[in-house]
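This report walks through one protein chain for a reader at the bench, beginning with a charged pair and its surroundings. It then turns to the overall architecture, one helix, the loops and a surface patch.

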Amino acid sequence: PDSVLKPVYRKFETLNNRILLSLQDEISELESDINGLDAAITQEEQYLGRSSHSASRRAEAKMPSQLQWRRNELLGRCAGKINQYNQALSSYSSLTKSLCPSSHSDIKAYQKWLTKHAPIAEPEASFIQHRKDLMTVSAQAQHNSPLTLEYSPVTVALIILTTIIVFKFVPQFFARLVMSAVVGLALMYLVSPASLLDLRLFKEKRRGVGVYAAVMLILAIVVD
């Protein structure tokens with residue numbers, strides 16, 4: 001039904017990276033120019049006999065030399081560019097962390113819905129063809145996105161401690177493995193529900209799954 005349809009949108013990964021790289025290079029050029037002016041101002045101060053180890057922004061503001069005035073101008077431009085760069089970087093980083101890549105089933109369902117209802121013109125619906133660049137937006141994904149259980153040291157420590165305590169009451173090796181598998185699936189569902197249904201997303205987390213399985217196997221063997 002349309003009520004549970006998960007809309008998908010492009011994240012424009014290539015363009016985002018190009019914008020970040022462009023801003024990064026602009027800032028690097030400004031940085032290089034400012035460093036050059038620093039060296040030139042130092043030489044100028046030494047030539048005029050005003051060399052000092054302590055810089056003074058207030059003194060420069062009252063009577064700046066041409067070089068100092070130029071440096072302040074570049075610093076002002078640099079501040080604006082860095083703010084723009086930081087916002088773009090933070091926004092893109094947050095986007096990639098909070099939204100999951102669209103699964104094949106989500107894309108297929110949304111494409112079918114677009115074809116059936118035609119809410120937008122056909123050329124404007126062509127974005128659905130960029131399958132590797134699509135992300136799914138859903139209330140469930142937004143609710144689950146802040147969870148980072150797999151990366152929390154406190155959570156990992158609690159899981160290991162709880163497992164050791166539980167294993168004390170479950171001496172059977174096979175029963176311990178079954179219990180570990182059930183807990184692992186439950187944790188995976190809490191962290192990323194889509195990964196249980198989408199093989200591609202599951203493969204992306206295979207390293208974490210492997211580490212968890214290895215730790216649980218060791219605990220199942222060594223805990224008396």
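In this predicted model, E73 has a relative accessible area of 33% and is therefore partly exposed. Its partner is R70, and the two side chains form a salt bridge in which the closest N and O atoms are 2.8 Å apart. R70 counts as partly exposed as well, because its relative accessibility is 32%. Both R70 and E73 belong to helix α3, where they sit three residues apart, about one turn of the helix.

## Salt bridges

Side chains of opposite charge can pair when their charged atoms come close. The count for this protein comes to five salt bridges, and the table sets out three of them, including the pair just described.

| Pair | Closest N to O distance |
|---|---|
| R70 and E73 | 2.8 Å |
| R71 and D38 | 2.6 Å |
| K11 and E13 | 3.9 Å |

Which parts of the chain does the pair of R71 and D38 link? The side chains of R71 and D38 meet in a salt bridge at 2.6 Å, N to O. This pair links distant parts of the chain, with R71 in helix α3 (residues 66-98) and D38 in helix α1 (residues 13-47), 33 residues apart. R71 has a relative accessibility of 13% and so counts as buried, whereas D38, with a relative accessible area of 28%, is partly exposed.

The salt bridge of K11 with E13 likewise joins residues that differ in burial class: K11 counts as buried at 15% relative accessibility, while E13 counts as partly exposed at 34%.

## Overall architecture

The protein has nine helices and three strands, and read along the sequence these elements follow the pattern β-α-α-α-β-α-β-α-α-α-α-α. Of the 224 residues in the protein, 24% are buried. The accessible surface comes to about 15,900 Å², and carbon and sulfur atoms account for 61% of that area. Among the contacts with a separation of 6 or more, 78% are made by residues 24 or more positions apart.

## Helix α4 and its two sides

Helix α4 (residues 104-117) has 14 residues, and at 1.5 Å a residue it should span 20 Å; its end C-alpha atoms are 20 Å apart, which agrees with that expectation. Within α4, the residues D106, I107, Y110 and L114 are buried. Seen down the axis of α4, the buried residues fall within an arc of 95°, so they line one face of the helix. These buried residues pack against β1 (8-10) and β3 (134-136). On the other side of α4, by contrast, H104, K108, K112, T115 and K116 are exposed.

## Loop residues with positive phi

Two loop residues deserve a note on their backbone angles. Just after α4 comes A118, which takes a positive phi of about 45° although it is not a glycine. A118 is placed in the loop between α4 and β3.

F12, which is not a glycine either, has a positive phi of about 50°. F12 is found in the loop between β1 and α1, and its relative accessible area of 38% makes it partly exposed.

## A nonpolar patch and helix α9

Which residues make up the nonpolar surface patch of about 520 Å²? The patch is made by F173, L177, L217, I218, I221 and V222. Helices α7 (173-191) and α9 (206-222) each supply at least two residues of the patch, and α9 gives the most, with four residues. L177 lies in helix α7, and because its relative accessibility is 30%, L177 counts as partly exposed.

Helix α9 also holds V215, which is partly exposed, having a relative accessible area of 28%. The C-alpha atom of V215 is separated by 8.4 Å from that of I160, although the two residues are 55 residues apart along the chain.

How values were computed
Residues numbered from 1 in each chain as written. Predicted model: local features only at pLDDT ≥ 70, side-chain atom pairs only at ≥ 80, totals over all residues. Heavy atoms only, no water. Patch = residues over 30% accessible without salt bridge, like charges linked within 9 Å, V, L, I, M, F, W, Y side chains within 5 Å. Areas by Shrake-Rupley, 256 points an atom, 1.4 Å probe, with all protein chains shown as cover. Salt bridge = Lys/Arg side-chain N within 4 Å of Asp/Glu carboxyl O. Buried < 20%, exposed > 50% of the residue type's maximum accessible area, 1.4 Å probe, protein only. Expected span 1.5 Å × (residues − 1). Arc of directions from axis to C-beta. Contact = heavy atoms within 4.5 Å.
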